[in-house]
Amino acid sequence: MRRLSLYVKLQQLEEITLLRDILLIYGLFAIYYVMSVNVIYFSVLALSFKNIWTVYRRSVFSKFNTLAGSDLVPSVSLLVPAYNEEVTIIENVRCLMTLNYPNYEVIVINDGSSDDTLEVLTTEFNLTKLTNPEMRNSIDCTAVTGVFYNPEFPNLYVIDKGNGGKADSLNAGINLSHYPLISSIDADSLLEKDALIRMARQYMENPEETVAIGGDVRIANGCLIENGQVKDFSLPNKMWPMFQAIEYLKAFLGGRIGWSSINGLIIVSGAFGLFRKDYVIAVGGYRGGYPGEDMNIIIKLHRYMLENKLKYRIAFCPEAVCWTQAPESYRILASQRQRWGRGNLKNMIENYDMAFNPKYKVMGLMTMPYNIIFEALNPYFKITGLIALVGYVMLDMTQWKILLVFGLINFLSGYLFSIGALILEEIAFKRFIKISDLWKMLFYGAAKFFGYSQLGTLWRIQGHIQFLRNNNSWGAMTRQSWKEKSDTAKSA
Amino acid sequence: MFSHVTVAIYFVYVCLGLIGLGIALLFYMKLKHLSTLKKTEYYQRKHQDYFKYLQTQLYEDQELPLPPGKLVPLEKRIIQDKLMEWIEQFKGEVRTRVIELCYKAGFVDDEMEKLDSLYFSRRVEASYRLGMMRATEATPRLLDMLRKQRYSPVTTIIGRAVSKTADQESQLMEMLGYMLKHGKSIHNLAADVLLETRLDSSKILLQLLDHENPDFVKVALVAMWGQAVPEVIPALNRLSVDADEQDVRAEAVKLYLSSNPVLRDDTIKQLMSDSNWEVRAAVAKSLGNMHAAGSIPLLRRAMQDENWWVRNNSAESLAQLGETGFELLCETAQRGSGLERETALFHIEKVMSEGSDHRALDQMVTFNKKRLIYDRYFGVIETSKPVRKVAAVGGDYSA
Amino acid sequence: MPNSATLQTSIHENLYQSIEEWVKETKPSVYGILFLYASAGPTNLDAQVRRILESQPNLDFEVWSDGEANRQVVLLPELTLDSVHFQGLLLKQRLLEVLPNLDLRITLASFPEQGEASQAVLKQMSDSVMKSEASDIHIFTKEEAEAAKNRILIVDNDATIREFLQIRFELQGYETYEADNGLVALDLIEKLKPDLVLTELNLYGIDGLPYIHHIQQIHNNQAPKIVVLTEQKVEQTISQCFERGVDDYITKPFSPVELDARIRRCIQ
């Protein structure tokens, strides 16, 4: 009996050792995973650093005053989809109509709002319904019920149509637009006066190959805004917007400048981007039904250009700034992030064939694999890695250090990246004037890793779960409208 | 196993070190920037009187006085910035006087020295500032920089500087050559850069039109929009017939037509059946302005064109061509089909909704005549009753 | 008689404003204003003036100054231009009798015959007396008064431009105001009724074309002249501006001399 029990014990011990080894190996794998994610982050950051000087020179040593009043600049149609925006739409349209740009039109698309969005617009600008407006049906979209216009404001059109989602509204806008370039702008965002001309200048530097340009999106919470002008710049006072401000800075300055320099940009923010209309039409316009239409259009453009072996670039213009209201409450932020998670997963699944396919060059060999392995699947690797290491330490308490190392790697590398982004900001833009702002940034940059990051992971997973559930009822899937957003959720 | 953890620990150390460095750098940059801002404000206040005085003296005959006292580099830069702002805003005698002041204060020499700097950013900055100060003697150096520069936003910065400083046409030509040699189609940007010159641009444009390099011709064509230069019309006429490149010819035709030339009927016919839609659209548009009633059948046919712009311009021209044209438009709206019908309807409604300015008698007469025709076709209008809306037929990918 | 009570010359820091207030309070149906200046005059010039005026029967008058002994203002209620001029001649003659070497300059006017005695007009009168070369009495005409009244509102986002234009126009005797955005400009136009608005099209707050339209609407029949000074060179915009009643359109970079000429042409 004794022998037997000893044998069992030994066997148990062996099993435990085996389990421990497996856990450790997986845990180490997770550590390496995190380190490689960070190595990639830092390579992109290094590219951003290399390119920030060009950005700096372009924004400081060249003026756009001659361009801003010249016929030589291509005309642009600004497309502003609006769903239940009656409170803010007037101010936003007014602001959009005072851009420093020679030739452009503003097309507001009322996406079947249930409030008085259309009425406040027609009253304010004294618009009347055009009989027989000419819509070019280049792209399918929900039926347009009317186009409103007033010759007194020659550059403003308002389209009224049934609810069909943001993508659908943009398509309707494209059908009415008269100019070769289109720019999508969120109805809750505020463009700096020079944002569009800066972007157009970048476009003019290589008009044939440029198919899209993204702008820099910043958080307006906390800033003093007057007459469509950011008068006094300061950081948000509240916690949630503050975390987002750092996130945006990291993503736009640290990430997108680098990715765009190797033409591997996967997204142009829906809040502010410039596109060549002919190519957008060529890829069939925006895709409705799911969120993430801004990423989707860029992936489609990459695919189209690469499959047709056309030389192209998708650029990023960090000096063209768009200010947006960040969600201030937990609930709205969570729903925004879940939506992003859902859209992101959908885009990855739809386009998985591009990953690791040398035909798609940078897009296929770097951007897509990166986004699938290191972005979409990131939460799973991190969480399982953490569980494995916790299990391992539970079995052998003497190894607690390894947990600490795992935690530190996550925290320090992320923090380093934040600091890198702050330095980029300081080199090229210097928008934060106060030294207290710097302290605040540094503090929140660190605090982000104790709670906020974990929430981010959670939201992403929730988004994925939502996606999979919707997926079951694919056929019954209704168009994803902005309904979620109707609770004043402001998306970026 | 432990070696793996060691790697991870090293990684942690490296991160820690870099974070420390980064934070130190950030504070250094921030503090430096703040102190520069403070000093700038101080110096701006200090020299406020001098600036005010200069502005009262800009028109007198005596030389403008130099800034008083010995200046630190930042002060110099602030004064220079102010002067450069004036140079950019003014034309004529006043500008020349400010430029002279820049020379006298030694700003031009300072920047010339910086052209030899080891730092690329400094050299670019110097070229930008030399351009602003219209420093003629810098042109050869700038051209040299431009020649060696690989294509980037800096190309435009230097190109602009050359255009501003150049005092010979040949330098501008050289500049254009360097900007365009990278094979990017930056004609609009190049035209904008070229028009910064102080030299007589119409003479240069004329030269460019005759150039063997089609890129130069394109730059000239886009630069000529809005510039009425009668001497170039013959060259345009030649280009609109002979040019090999599609877009060169289209641009030339558009420009040529914008000068309102007298066209022969067969020329019109030929142009209206051109393979390039831009040409057809331009001709359709100009036919309305020429009030050539003989072109109505051509416009009627063009309403069926596959391109939206051609259809649109034809309809617009028809609406301009008196009662006959308008009646034809109504007829098309009633009997025609598909796209041409839609275009016609749109323009009819446009004419009707615009109404007439009742202060001008002749306008009122024309409008009422059109209204009569409208009523005959669509019934009486009461406060812009909409014409039955027609659903679009098929897709149109032409615009 | 009111003057007998004021034995001392009253000194007013804001001389022109005080005169305006005096007119408002006493409401004379007509009144003359006489500026008198004697470079290197005696410190008791005011006493001399007062003595001469007091010696005349039934003359109502006030002698004011802003503290400079050699510059005096004489207010003459209920006198028309010819009487004011006569008083001027008299004053000059008597003063020269007492002080034969006095280098005396006089500028005078009667209101409302010669317009409205606004601060700008008074300042212009005072300038004219200081600058006048001839020793003859200068009668300040209505045209001169009108030139002084011209108010220009400068609207531009760029402070450098505003400063430059302001200095330039003030040198030329215009009254200038400035605004850095379209909405403030519309407000000021309503309040100040400027004679001319010199404006950039590209402004914060309101789009250029509706902005022009608004200006035209503010004072129904008395819309100010509008001169656009802008970076905007697009032909269509230019023609749209003229269609909406803009008086002149100048593109930047501009020649200041040419700008002056065009402004003058618009105002006259």
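**Exercise 1. Describe the fold content, confidence and domains of chain C.**

Solution. Chain C contains 11 helices and 11 strands; helices (H or I, at least four residues) and strands (E, at least two) are DSSP runs numbered from the N terminus. The structure is a predicted model, in which local features need pLDDT of at least 70, side-chain atom pairs count only at pLDDT 80 or more, and totals for chains, interfaces and linings use all residues. Residues are numbered from 1 along each chain as its sequence is written, while chains are lettered from A and ligands numbered from 1 in the order in which they are written.

Step 1, confidence. The pLDDT is the predictor's confidence in each residue, from 0 to 100. For chain C its mean is 84, and 94% of the residues reach 70 or more. Residues 1-7 of chain C have a pLDDT below 50, and this stretch has 7 contacts in the model beyond near neighbours in sequence. Two residues are in contact if their C-beta atoms, placed from the backbone, lie within 7 Å.

Step 2, dimensions and burial. The C-alpha trace of chain C spans about 70 × 35 × 30 Å along its principal axes. Of its 268 residues, 38% count as buried. A residue is buried if 20 or more other C-beta atoms lie within 10 Å of its own, exposed if 12 or fewer, and partly exposed in between, with C-beta atoms placed from the backbone.

Step 3, domains. Chain C divides into domain 1 (2-146) and domain 2 (150-267); such bounds come from an automatic or database domain assignment. The centres of these two domains of chain C, taken over C-alpha atoms, are separated by 37 Å. Among contacts in chain C with a separation of 6 or more, 68% are between residues 24 or more positions apart.

**Exercise 2. Characterise chain B and its annotated transmembrane region.**

Solution. Step 1, fold content. Chain B has 21 helices and 0 strands. Of its 399 residues, 38% count as buried. Of the contacts in chain B between residues at least 6 apart in sequence, 60% join residues at least 24 apart.

Step 2, annotation. An unreviewed UniProt entry places the feature "transmembrane region" at residues 6-29 of chain B. UniProt positions are given in the numbering used here, feature names are shortened, and annotations may be inferred rather than shown by experiment. In the model, residues 6-29 of chain B are 100% helix and 0% strand, and the end C-alpha atoms of the span lie 34 Å apart.

**Exercise 3. Determine how the two domains of chain A meet.**

Solution. Step 1, bounds. Domain 1 of chain A comprises 21-52 + 368-475, and domain 2 of chain A comprises 63-353. Their centres, taken over C-alpha atoms, are 29 Å apart.

Step 2, the contact surface. In chain A, 32 residues of domain 1 are in contact with 30 residues of domain 2. On the domain 1 side, α1 (2-60), α10 (361-376), α12 (400-428) and α13 (435-472) of chain A each supply at least two residues. The largest share of that side, 15 residues, comes from α13(A).

Step 3, residue classes. The domain 1 side has 15 nonpolar, 11 polar and 6 charged residues. Here Ala, Val, Leu, Ile, Met, Phe, Trp, Tyr, Cys and Pro count as nonpolar, Asp, Glu, Lys and Arg as charged, and the others, Gly among them, as polar.

**Exercise 4. Locate the largest nonpolar core and the residues with the most contacts inside it.**

Solution. Step 1, the core. A nonpolar core is a set of buried Ala, Val, Leu, Ile, Met, Phe, Trp, Tyr and Cys residues joined through C-beta atoms within 7 Å. The largest has 227 residues, and those with the most contacts inside it are A:Val80 and A:Ile298. The helix α12(A) gives the most to this core, with 14 residues.

Step 2, one centre. Not counting residues up to four places away in sequence, A:Ile298 touches A:Ala212, A:Leu265, A:Ile266, A:Ile267, A:Val268 and A:Ile314.

**Exercise 5. Describe the side of chain A that touches chain B, and the side of chain B that touches chain C.**

Solution. Step 1, chains A and B. Contacts link 46 residues of chain A with 55 residues of chain B. On the chain A side, α1, α12 and α13 each supply at least two residues, and α12(A) provides the largest share, 13 residues. By class, this side of chain A has 26 nonpolar, 11 polar and 9 charged residues.

Step 2, chains B and C. Here 12 residues of chain B are in contact with 13 residues of chain C. Within chain B, α2 (48-57), α3 (73-89) and α4 (92-104) each supply at least two residues of the side that touches chain C. That side of chain B divides into 2 nonpolar, 5 polar and 5 charged residues.

Step 3, confidence in the assembly. The predictor gives the complex an ipTM of 0.89 and a pTM of 0.81.
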